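Student: I have a model open and would like to go through its inner spaces and a couple of loop residues. Can we start with the cavities?

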Amino acid sequence: MSYTYTAVVPLSWEDAVEKTRAALAAQGFGILSEIDVRATFAAKLGEDAADALGDYVILGACNPMLASRALAAEPEMGALLPCNVVVRRGTGATATTVQAIDPQTMVQLSGNPAVREVADDAGTRLRAAMAELGGDS
């Protein structure tokens, strides 16, 4: 089982990040956190490590309605929130890759039917966001 939904889009890095934010917002997700992995590599490992990675950001996306339902069903699910969405572009690449966690990963860790319902809803929304990006899924 793949644990991500993926879209490869022929957009610049900046446009891909902006469009990803908009696609997630259209599906009710806000961004709770943002980790600039490239900048972290540059600061901690040096510019060579950052250049080898390329542009790479992790967006911590959260749909409050879905998070509330998941936490009510199983408070331990908080360890899996927010949903991570990665926007990355390797050095010299001509396209940008966007990947979101498949919420069914949560279902594999929990037998709770309410968690399955939340994961199904979240998966539908994340797939719609990927489709809005217009890339391969």
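**Cavities and two loop residues**

Tutor: The second largest cavity holds about 30 Å³ of space. A cavity here is a set of points on a 1 Å grid over the protein atoms alone where a 1.4 Å probe fits but cannot get out, and its volume is the space filled by probe spheres set on the points, which are joined across faces, edges and corners. This is a predicted model, where local features need pLDDT of at least 70 and side-chain atom pairs count only at pLDDT 80 or more, while totals for chains, interfaces and linings use all residues. Residues are numbered from 1 along each chain as its sequence is written, and side-chain values use heavy atoms, with hydrogens and water left out.

Student: Which residues line the second largest cavity?

Tutor: Thr20, Ala23, Leu24, Val85, Ala129, Met130 and Leu133. Lining residues have an atom within 4 Å of a point. Both α1 (13-26) and α6 supply at least two of them; helices are DSSP runs of H or I with at least four residues, strands are runs of E with at least two, and both are numbered from the N terminus.

Student: How many cavities of 30 Å³ or more are there?

Tutor: Two. The largest has a volume of about 100 Å³. Of its 13 lining residues, Asn63, Leu66, Ala67, Leu81 and Cys83 are the closest to the centre.

Student: Which helix gives the largest share of that lining?

Tutor: α4, with three residues. β3 (55-62), α4 (64-73) and α6 (113-133) each supply at least two.

Student: What classes do the residues of that lining fall into?

Tutor: Twelve are nonpolar, one is polar and none is charged. Ala, Val, Leu, Ile, Met, Phe, Trp, Tyr, Cys and Pro count as nonpolar, Asp, Glu, Lys and Arg as charged, and the others, Gly among them, as polar. For the second largest cavity, the lining has six nonpolar, one polar and no charged residues.

Student: New topic. Where is Asp102?

Tutor: Asp102 sits in the loop between β5 (96-101) and α5 (104-109).

Student: Which side chain of opposite charge is nearest to Asp102?

Tutor: Arg127, 5.5 Å away. Asp102 is buried (under 20% relative accessible area, 1.4 Å probe, protein chains only) yet has no salt bridge, which would take a side-chain nitrogen of Lys or Arg within 4 Å of a carboxyl oxygen of Asp or Glu. A polar atom of the Asp102 side chain lies 2.9 Å from the backbone nitrogen of Gln104.

Student: Last one: why does Gly78 count as partly exposed?

Tutor: Because its relative accessibility is 34%, and partly exposed runs between the buried cut-off and the exposed one, over 50%. Gly78 is in the loop between α4 and β4 (83-89).

Key
Lys and Arg count as positive and Asp and Glu as negative; His and the chain ends are not counted. A polar contact is a pair of N or O atoms within 3.5 Å; within protein, one must be able to donate a hydrogen and the other to accept it, and residues adjacent in sequence count only if both atoms are side-chain atoms. On a 1 Å grid over the protein atoms alone, a cavity is a set of points where a 1.4 Å probe fits but cannot get out, and a pocket is an open set with protein on both sides within 12 Å along at least five of seven lines; lining residues have an atom within 4 Å of a point.
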